[in-house]
Amino acid sequence: MAKNLLIVESPAKAKTINKYLGKDFTVLASYGHVRDLVPKEGAVDPDNGFAMRYETIEKNERHVDAIAKAAKSADHLFLATDPDREGEAISWHIAEILKQRNLLQGKSLQRVVFTEITPRAIKDAMTQPRDIASDLVDAQQARRALDYLVGFNLSPVLWRKIKAGLSAGRVQSPALRMIVEREEEIEAFIAHEYWSVEAECAHPAQAFTAKLIKLDGKKFAQDTGKLEFTLTDANAAEAARLRIQQAAAGKLHVTDVTSKERKRRPSPPFTTSTLQQEAARKLGFTTRKTMQVAQKLYEGVAIGDEGAVGLISYMRTDSVSLSQDALADIRDVIARDFGTASLPDKPNFYQTKAKNAQEAHEAVRPTSALRTPTQVARFLTDDERKLYELIWKRAVASQMIPATLNTVSVDLSAGSEHAFRASGTTVVVPGFLAVYEEGKDSKSKDDEDEGRKLPLMKLGDTVPLDRIHTDQHFTQPPPRFTEASLVKALEEYGIGRPSTYASIIQTLLGKQYALLEGRAFKPTDIGRAVSKFLSNHFPKYVDYDFTANLEDELDAVSRGEENWIPLMEKFWGPFKELVDDKKVSLDKADAGSVRVLGVDPASGRPLSARIGRFGPLVQIGTVEDEEKPRFASLKPGQSIYSISLPEALQLFEMPRQLGVDANGEEVSVGIGRFGPFAKRGSTYASLKKEDDPYAITLARAIFLIEEKEEIARNRVIKQWPDSDIQVLNGRFGPYLSDGVLNGKIPKDREPAALTLAEVQQLMADTGKPARKGFGAKKTVVKKAVAKKATAKKTAADKPAKKAAAKKPAAKKAAPKAVAKKSPLLYSSGIAPAKPLLTAAKVEPGKKRVVKKTNHGDAPF
């Protein structure tokens with residue numbers, strides 16, 4: 001065993017680095033974090049200096065054991081985890097574990113840091129080892145403790161007041177607030193009509209269009225920001241067009257020509273945030289995908305005879321600076337590939353905006369600009385190639401000369417009272433634009449003119465007028481956030497840090513607080529209820545400035561300027577007091593998850609929209625009424641925050657009695673948890689996507705039901721009275737099943753001709769567990785109940801010891817066996833196409849059923 005042990009985070013990185021260090025080193029991976037707070041209450045103890053209880057992450061135990069085993073025989077240990085707070089914390093946790101196991105006596109333990117995985121960077125780092133940075137560890141621990149305390153104390157309040165299973169996060173909650181507030185702006189938006197006027201000019205050299213800038217001697221107003229418009233209806237626009245046309249008499253006169261040259265500087269090389277934004281705009285990558293692909297490029301990709309090579313520098317950084325070696329490489333590439341004219345006399349330097357640039361001190365860049373995207377493309381996957389090309393181009397462009405642009409504006413009069421303007425921008429010197437141009441979320445006026453050329457015109461020229469046309473427009477609401485614009489907003493407000501943006505977005509989507517419609521975030525009703533509740537009752541903790549200031553204080557801890565314990569105490573006292581107060585002082589209506597719409601005209605009982613156990617619904621009556629409440633699910637696209645009383649009443653038309661079939665049997669349609677269905681007798685048939693349950697005809701419903709019954713009739717090819725095995729028709733052809741195992745039928749055998757002995761042998765030879773579909777679960781439950789009954793029957797005739805051995809299996813099956821169809825999830829009491837689990841009912845004066853969870857007690 002080598003006497004030097006170096007520990008990194010990922011196995012891919014370990015493999016690459018091992019090649020550089022040689023046989024004197026053993027390189028092992030921790031596979032990310034090795035310890036975390038115990039997942040229960042009390043993991044952080046505010047009464048004992050915020051002491052934290054950690055445990056080894058179960059999936060990484062074997063990797064920790066491998067590190068411990070190697071450490072026993074090593075003399076020198078090097079911790080080479082990632083160069084940021086999280087990496088520093090992982091190193092500290094590894095050191096603590098080894099210390100607890102008494103494996104550090106007589107050994108050296110040092111921290112090494114590198115921001116790129118290249119032979120030079122690794123060897124340089126090994127010559128500059130240091131101790132673990134306790135300030136960075138303190139900052140990470142404070143961040144983790146804050147997140148834990150917020151989650152474990154605020155989430156149970158959401159469970160009690162809105163819906164079980166919800167959670168609130170210190171950083172995710174302000175991000176959710178952004179998405180919800182934008183949606184509310186869109187809903188409240190009132191569109192304003194306005195009209196534009198353009199002249200189609202038939203210049204002999206080149207036709208062009210010009211926009212109206214003066215009407216009747218006054219400035220033509222079209223300010224969508226201030227809502228100032230000269231023309232706001234079709235009649236006024238047409239009247240203006242006729243006046244201008246009459247005054248122009250078929251031609252426009254050039255009254256002014258201006259030419260202005262300007263410079264556009266290149267964008268700085270990528271930070272984590274700008275990389276995520278550009279990859280979203282230009283490649284359509286999610287923030288999560290961007291970080292995953294970047295991780296692979298950083299850790300090492302096999303490049304022909306070179307073997308595994310890290311192609312980019314560390315991708316979690318706020319810095320826009322480049323090392324001297326990187327600058328020299330990039331300048332060589334610019335001179336070689338684009339000419340010395342594209343190279344500035346001195347390198348371009350950019351100012352890092354962040355106060356604490358993630359400790360990595362360099363922008364995201366190629367480890368060697370000499371490895372052009374073309375040279376490495378054949379060694380990369382399509383996604384890796386696209387992202388590497390984006391990073392390479394941005395870094396190279398950042399060190400090129402500015403682009404020189406020339407904008408020409410021409411004013412043209414139509415008589416003495418009206419005037420038009422045409423503008424065009426051409427690129428005089430491309431500079432960095434020869435390599436790269438930054439994407440934008442929305443186009444400006446300059447962008448519209450860019451690339452547009454105008455014919456040569458001078459003062460006094462007359463330009464033939466082809467026609468004048470008017471166009472109707474409406475002001476637009478603010479756009480929903482995309483991943484790119486949300487990341488940009490989070491960065492501008494100082495909420496979270498670039499390394500956390502991907503996980504923030506993943507949490508919002510995973511909890512279904514927001515959905516992606518196309519590429520834009522739309523909050524769900526549950527997300528809106530959570531955000532409304534937090535904004536109303538915990539405003540300080542979703543306030544943008546408060547969250548940003550807290551991030552700044554954590555950065556100050558990482559720089560050694562503040563102590564983390566006083567920071568925790570300042571946060572914890574007021575927060576805990578507020579949480580305790582809200583637990584007892586709020587009801588569901590206060591929580592914002594209930595909206596009273598009016599009164600049901602048929603019963604006179606209140607009708608409300610609310611968040612139920614399985615999501616948004618409308619309800620007639622309350623639990624205090626003598627008569628049970630009635631419930632109805634919302635249609636797709638409806639929201640409890642915008643649904644009207646008439647729309648809600650329509651939902652209670654379910655189930656609809658459509659009529660009777662030829663045999664006089666009733667046919668109805670309803671909506672269940674799994675969607676709309678038609679019902680006749682005991683047959684439930686799901687409606688197709690194109691079927692509207694509120695408009696479906698009796699004939700169509702009967703067709704769907706009979707189609708379902710025909711499939712069911714033809715499903716069983718053969719069965720035996722003394723066996724569970726059946727020969728069935730399946731989606732992919734005939735097969736065998738006993739409800740637990742599925743077996744194959746040879747192609748040369750006739751399914752209907754198989755004997756019991758043959759199918760038993762085939763099941764023994766080919767049987768595999770049935771797919772974990774809904775039907776399979778139902779079959780397994782039935783068999784579990786049967787086994788439980790058998791176990792009970794046998795227990796009386798066998799010794800106690802053996803009876804006890806059967807007990808766990810029977811107990812495990814019991815919860816599934818008591819599953820019931822719930823009448824609470826649809827508006828009628830008719831069961832949906834699939835059976836549902838229902839919560840235990842709570843009768844007045846009786847205790848609620850409470851389920852113990854990691855977040856405290858919450859109603860279940």
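Here are four short exercises on the structure above, each with a worked solution.

This is a predicted model, so local features need pLDDT of at least 70 and side-chain atom pairs count only at pLDDT 80 or more, while totals for chains, interfaces and linings use all residues. Residues are numbered from 1 along each chain as its sequence is written, and side-chain values use heavy atoms, leaving out hydrogens and water.

**Exercise 1. Work out the strand order of the open four-stranded sheet, and find its edge strands.**

Step 1: Get the terms straight. Strands here are DSSP runs of E with at least two residues, and helices are runs of H or I with at least four, numbered from the N terminus. Two strands pair if DSSP finds at least two bridges between them.

Step 2: Read off the order, which is β22-β23-β24-β25, with antiparallel pairing.

Step 3: Look for strands that pair on one side only: these are β22 (594-599) and β25 (630-633).

Step 4: Zoom in on one pair. β23 (residues 606-612) and β24 (residues 615-620) run antiparallel and share six bridges. For Arg610, the bridge partner in β24 is Leu617.

**Exercise 2. Describe the largest cavity and what lines it.**

Step 1: Know what counts. On a 1 Å grid over the protein atoms alone, a cavity is a set of points where a 1.4 Å probe fits but cannot get out, and lining residues have an atom within 4 Å of a point. Points are joined across faces, edges and corners, and the volume is the space filled by probe spheres set on them.

Step 2: Search the whole structure, and three cavities of 30 Å³ or more turn up. The largest holds about 60 Å³ of space.

Step 3: Check the lining. Among its residues are Val150, Leu154, Arg170, Phe538 and Phe575. Helices α5 (134-161) and α18 (564-585) each supply at least two lining residues.

Step 4: Sort the lining by type: eight nonpolar, two polar and one charged. Here Ala, Val, Leu, Ile, Met, Phe, Trp, Tyr, Cys and Pro count as nonpolar, Asp, Glu, Lys and Arg as charged, and the others, Gly among them, as polar.

**Exercise 3. Are Arg143 and Glu551 buried or exposed, and what parts does their salt bridge tie together?**

Step 1: Start with the definition: a salt bridge is a side-chain nitrogen of Lys or Arg within 4 Å of a carboxyl oxygen of Asp or Glu. The whole structure has 51 of them.

Step 2: Take Arg143 and Glu551, whose closest N and O atoms are 2.6 Å apart. Arg143 sits in helix α5 and Glu551 in helix α17 (residues 544-558), so the bridge ties together parts 408 residues apart in sequence.

Step 3: Check burial. Buried means under 20% relative accessible area, exposed over 50%, and partly exposed in between (1.4 Å probe, protein chains only). Arg143 is buried at 9%, and Glu551 is buried at 0%.

**Exercise 4. Where in the chain do Asp124 and Arg120 pair, and which network includes them?**

Step 1: Find the contact: their side chains form a salt bridge, at 3.7 Å from N to O.

Step 2: Place the pair. Both are in helix α4 (residues 119-126), four residues apart, so about one helical turn separates them.

Step 3: Check accessibility. Asp124 is partly exposed at 36%, and Arg120 is partly exposed at 40%.

Step 4: Widen the view. A network of salt bridges links Glu116, Arg120, Asp124, Asp325, Glu362 and Arg365.

Terms used. On a 1 Å grid over the protein atoms alone, a cavity is a set of points where a 1.4 Å probe fits but cannot get out, and a pocket is an open set with protein on both sides within 12 Å along at least five of seven lines; lining residues have an atom within 4 Å of a point.
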